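Work through the following exercises with the sequence and the three-dimensional structure side by side. Each task sentence is followed by a solution that goes step by step.

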Amino acid sequence: MPDNPILIPKDWYHLSFDSLYPVVYAHRTVEAAREDALFSIQETKLTRADRVLDLCCGNGRHMATLVEAADMVVGLDYSSAMLDLARGVLGPKGLLVRADMRAQPFEECFDVVVNYFTSFGYFETEEENLAAVRGLSKALRPGGRFFIDYFNRSYTEQNIEPSSVRFQDGYEIREERWIDLTAHRINKTTVVLREGVVVSDSGESVRLYSDAEFRALLSAGGLHVERIFGDYMGGECCVPTQPRMIVIGRKA
Ligand SMILES: C[S@@+](CC[C@H](N)C(=O)[O-])C[C@H]1O[C@@H](n2cnc3c(N)ncnc32)[C@H](O)[C@@H]1O
C-alpha cells in the first residue's frame, strides 16, 4: 500500500471513467479490441440474427467489431463521457444506453451479453456485485449466452506492479497499485499531471475472485458456466501464468 494513498470513494466507478480515459488508457483502441471481439464472436457462436448487449461498453471499441457480425448490438454504460466516445467510434451504427449495470432496464431482450475487460466486481458489497450479475442475467432470454472477461486472481496477485510513471499526449500518469488481502480487492490510484500540475486524481477498487467464487456468484444470479479460458487464444484458465479468466456460459 502506498505511504499516502488517495482515498478511493466507494462509488469510484461513477467518477473514474471520464474524459481523460483516452489519455490514461490510450492503448484500449478499436484495433486492440478487434481480435478479442472476434474471439467472443467465435466462442458465443454469434449469428447475424442474435441480439447482443455489450454491458459496460466503454468507448465502444468491441462494438465496432460486433456490429459487423450482428444486426442488433446495444452498448450500455454508466459514463456519459464513455458513451460520447463510443458514438464517435461507431458513427450511426449500434444503439447506446446510459444505465447502471445493477439496475439496467432490459428484460429477456438479448441472445448474447458480453462484458469485456474487467467491467465487474466494482461494488463494495457482494450484494451489489450480485445485483450486477442479476442485471446481466435479466437482460438475457432463457438459454441466452454470456461472455465475461475478468482478470485471473492468481496471475494478478503475482504480477502486480506496485507503481509506475508513464507519459502520454503531454500528460504524466502516476499509478500505484496494491492488494487488500482482507477485502480481497486490488486497488489502484491514478494521478494525472500536465506541466507538473495535477489535473486529475482518481481511484479504482475491484474484487478479486477465484474461479470457484466467480462460478458461485454467477450461479446465484442464474448463470451457468460452461467454459473458462485463461487468455484470448483459448489457453487454460486459472493457472498463475494466464492473465485472464474468460467465462462463457448460458442463462439457466
Ligand atoms: C474498464 S472499463 C471497460 C470498458 C470496455 N468494456 C472496454 O473493454 O474498453 C469499465 C467500464 O464500465 C463502466 N461502468 C463502471 N461502473 C458502471 C456501472 N455501475 N454501470 C454501468 N457501467 C459502468 C465504465 O464507465 C467503463 O466504461
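**Exercise 1.** In this predicted model, determine how the lining of the second largest pocket divides by residue class.

*Solution.* Begin with the list of residues: the second largest pocket is lined by Ile-8, Pro-9, Lys-10, Trp-12, Tyr-122, Glu-124, Arg-185, Asn-187 and Ser-205. Next, sort these residues by class, counting Trp and Tyr as nonpolar, which gives four nonpolar, two polar and three charged residues. Finally, attach the volume, which for the second largest pocket comes to about 160 Å³.

**Exercise 2.** Describe the largest pocket by its volume, its lining and its place relative to the two domains.

*Solution.* The first step is the volume, and for the largest pocket this is about 1200 Å³. The second step is the lining, which comprises 47 residues, with Tyr-25, Arg-28, Phe-117, Thr-118 and Glu-204 lying nearest the centre of the pocket. By class, the lining of the largest pocket holds 23 nonpolar, eleven polar and 13 charged residues. The third step assigns lining residues to secondary structure: among the elements that each supply at least two of them are the helices α2 (30–43) and α6 (153–159), together with the strands β2 (72–77), β5 (140–151), β7 (171–180), β8 (185–194) and β9 (197–207). The last step concerns the domains: because domain 1 (21–152 + 208–251) and domain 2 (155–206) both contribute residues to this lining, the largest pocket lies between them.

**Exercise 3.** Which elements each supply at least two residues of the lining of the largest cavity, and where does the largest cavity lie relative to the domains?

*Solution.* Start from the search of the whole structure, which finds one cavity of 30 Å³ or more; the volume of the largest cavity is about 110 Å³. Then read off the lining, made up of Leu-15, Ser-16, Asp-18, Leu-20, Tyr-21, Val-24, Tyr-25, Thr-190, Val-192, Ser-200, Ser-202 and Glu-204, which divide into six nonpolar, four polar and two charged residues. Mapping the lining onto secondary structure shows that α1 (21–24), β8 and β9 each supply at least two residues, and that the largest share, three residues, comes from β9. Since residues of domain 1 (21–152 + 208–251) and of domain 2 (155–206) both take part in the lining, the largest cavity lies between these domains.

**Exercise 4.** Work out the strand order and the pairing of the sheet of four strands and of the sheet of seven strands.

*Solution.* Take the sheet of four strands to begin with: this open sheet has the order β6-β7-β8-β9, and its pairing is antiparallel. Its edge strands are β6 (163–168) and β9, each of which pairs on one side only, and neighbouring strands of this sheet are turned by 20 degrees against each other on average, direction ignored. Within it, the antiparallel strands β7 and β8 are joined by ten bridges, and Ile-179 stands opposite Ile-186 in β8.

Turn now to the open sheet of seven strands, where the order is β3-β2-β1-β4-β5-β11-β10 and the pairing is mixed. At its edges stand β3 (95–98) and β10 (223–229), each with a single partner strand, so one side of each is left without a neighbour in the sheet. In this sheet, neighbouring strands are turned on average by 20 degrees against each other, direction ignored. As an example of its pairing, β2 and β3 run in the parallel sense over four bridges, with Gly-75 opposite Leu-96 in β3.

**Exercise 5.** Is the disulfide of Cys-237 and Cys-238 left-handed or right-handed?

*Solution.* The structure holds one disulfide. It is formed by Cys-237 and Cys-238, with the sulfur atoms 1.9 Å apart, a distance that falls within the 2.5 Å cut-off. The torsion about the S-S bond of Cys-237 and Cys-238 is about -65 degrees, and the disulfide is therefore left-handed.

Note on methods
Residues are numbered from 1 along each chain as its sequence is written. This is a predicted model: local features need pLDDT of at least 70, side-chain atom pairs count only at pLDDT 80 or more; totals for chains, interfaces and linings use all residues. Side-chain values use heavy atoms; hydrogens and water are left out. On a 1 Å grid over the protein atoms alone, a cavity is a set of points where a 1.4 Å probe fits but cannot get out, and a pocket is an open set with protein on both sides within 12 Å along at least five of seven lines; lining residues have an atom within 4 Å of a point. Grid points are joined across faces, edges and corners, and a volume is the space filled by probe spheres set on the points. Domain bounds come from an automatic or database domain assignment. Two strands pair if DSSP finds at least two bridges between them. Axes are lines fitted to C-alpha atoms, for helices over the stretch in contact, and angles run from 0 to 180 degrees between N-to-C directions.
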